[in-house]
Amino acid sequence: MYLHLGQDTVVRLDEVVGIFDMDKSTISKHSRQFLADAQKGGRIFNVSEELPKSYVVCVDKEGTETVYISQISSTTLKKRAGFIEGISYRRSDGK
């Protein structure tokens, strides 16, 4: 299964380690340091030029860590991924 992060970016769901809210998680100095280290290491990919709302941490089979910055909220991404049980994802058009 795959998770659509926005624009033309999808990731394998089994590689997703975590989905984080940008505003809430960057309060912690540890989260800010993690993101700074990922950026220095060239492991951050911006999915969109819009205001970032979340970031997704993925680790592939070789152990390579990648961070994706997305304009989609962490709650919506978690619903799409099925991480929030009992809540179905509903598109803006009501379907």
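This is a short tour of a predicted model, one selection at a time.

**Stop 1: colour by confidence**

Start with the pLDDT colouring. The protein averages 88, and 87% of its residues reach 70 or more. Now select residues 87–95. Here pLDDT stays under 50, and the model has 6 contacts beyond four places in sequence for this stretch. Hide those residues if they get in your way, and carry on.

**Stop 2: the open sheet**

Switch to cartoon view and pick out strands 3, 4, 5 and 6. Together, 4 strands make an open sheet, ordered 3-5-6-4, with mixed pairing. At the edges sit strand 3 and strand 4 (44–46), each pairing on one side only. Averaged over the sheet, neighbouring strands are turned by 20° against each other, direction ignored. As background, strands of a sheet pair through backbone hydrogen bonds, in either a parallel or an antiparallel way. You can look for both kinds here: strand 5 and strand 6 run antiparallel, joined by 6 bridges, while strand 4 and strand 6 run parallel, joined by 3 bridges.

**Stop 3: strand 6 and its partners**

Select residues 65–70, which make up strand 6. Is this strand enclosed or open? Strand 6 is largely enclosed by the rest of the structure, because 5 of its 6 residues are buried.

Next, show a few residues that face each other across the pairing:

- C58 has T66 in strand 6 as its bridge partner.
- V59 stands opposite E65 of strand 6.
- F45 stands opposite Y68 of strand 6.

Follow the chain between strand 5 and strand 6 and you'll go round a hairpin with 5 residues between the two strands. Click on G63 in that turn: its phi is positive, at about 90°.

**Stop 4: helix 3 and the cores**

Now bring in helix 3, residues 74–81. Helix 3 lies across strand 3, strand 5 and strand 6, and runs at about 150° to strand 3.

Which residues have the most contacts inside the largest nonpolar core? Select L3, L5, V11, V16, I19, V56 and L77; the core has 13 residues in total. Two or more residues come from each of strand 1 (2–6), strand 3 (16–21), strand 5 (54–59) and helix 3. Apart from this core lies another one, of 7 residues, including M22, L35, V67 and I69.

Go back to L77 and show what surrounds it. Not counting residues up to four places away in sequence, L77 touches L3, H4, L5, I19, S54, V56, S70 and I72.

**Stop 5: two glutamines in loops**

Select Q71, in the loop between strand 6 and helix 3. Buried or exposed? Q71 counts as buried because its relative accessibility is 14%, under the 20% cut-off. Show its contacts, leaving aside neighbours within four places in sequence, and you get L5, G6, Q7, V47, S48, E50, L51 and K53.

One of those contacts is Q7, so hop over to that residue next. Q7 is in the loop between strand 1 and strand 2. With 45% relative accessibility, Q7 counts as partly exposed. Check its backbone too: Q7 has a positive phi of about 50°, although it is not a glycine.

**Stop 6: R12**

Move along to strand 2, residues 9–12, and select R12. At 33% relative accessibility, R12 counts as partly exposed. Its side chain joins that of D14 in a polar contact of 2.9 Å. Beyond four places in sequence, R12 is in contact with M1 and Y2. For a distance to try in the viewer, pick the C-alpha atoms of R12 and C58: they are 8.6 Å apart in space, with their positions 46 residues apart in sequence. You met C58 earlier, as the bridge partner of T66.

**Stop 7: Q39, a last glutamine**

Finish on helix 2, residues 29–40, where you'll find Q39. Buried or exposed this time? Q39 counts as exposed because its relative accessibility is 58%, over the 50% cut-off. Draw one more C-alpha line, from Q39 to T66: the two are 27 residues apart along the chain and separated by 9.8 Å.

Definitions and conventions
Residues are numbered from 1 along each chain as its sequence is written. This is a predicted model: local features need pLDDT of at least 70, side-chain atom pairs count only at pLDDT 80 or more; totals for chains, interfaces and linings use all residues. Side-chain values use heavy atoms; hydrogens and water are left out. Buried means under 20% relative accessible area, exposed over 50%, partly exposed in between (1.4 Å probe, protein chains only). Contact means heavy atoms within 4.5 Å. A nonpolar core is a set of buried Ala, Val, Leu, Ile, Met, Phe, Trp, Tyr and Cys residues joined through side-chain atoms within 4.5 Å. A polar contact is a pair of N or O atoms within 3.5 Å; within protein, one must be able to donate a hydrogen and the other to accept it, and residues adjacent in sequence count only if both atoms are side-chain atoms. pLDDT is the predictor's confidence in each residue, from 0 to 100. Two strands pair if DSSP finds at least two bridges between them. Axes are lines fitted to C-alpha atoms, for helices over the stretch in contact, and angles run from 0 to 180 degrees between N-to-C directions.
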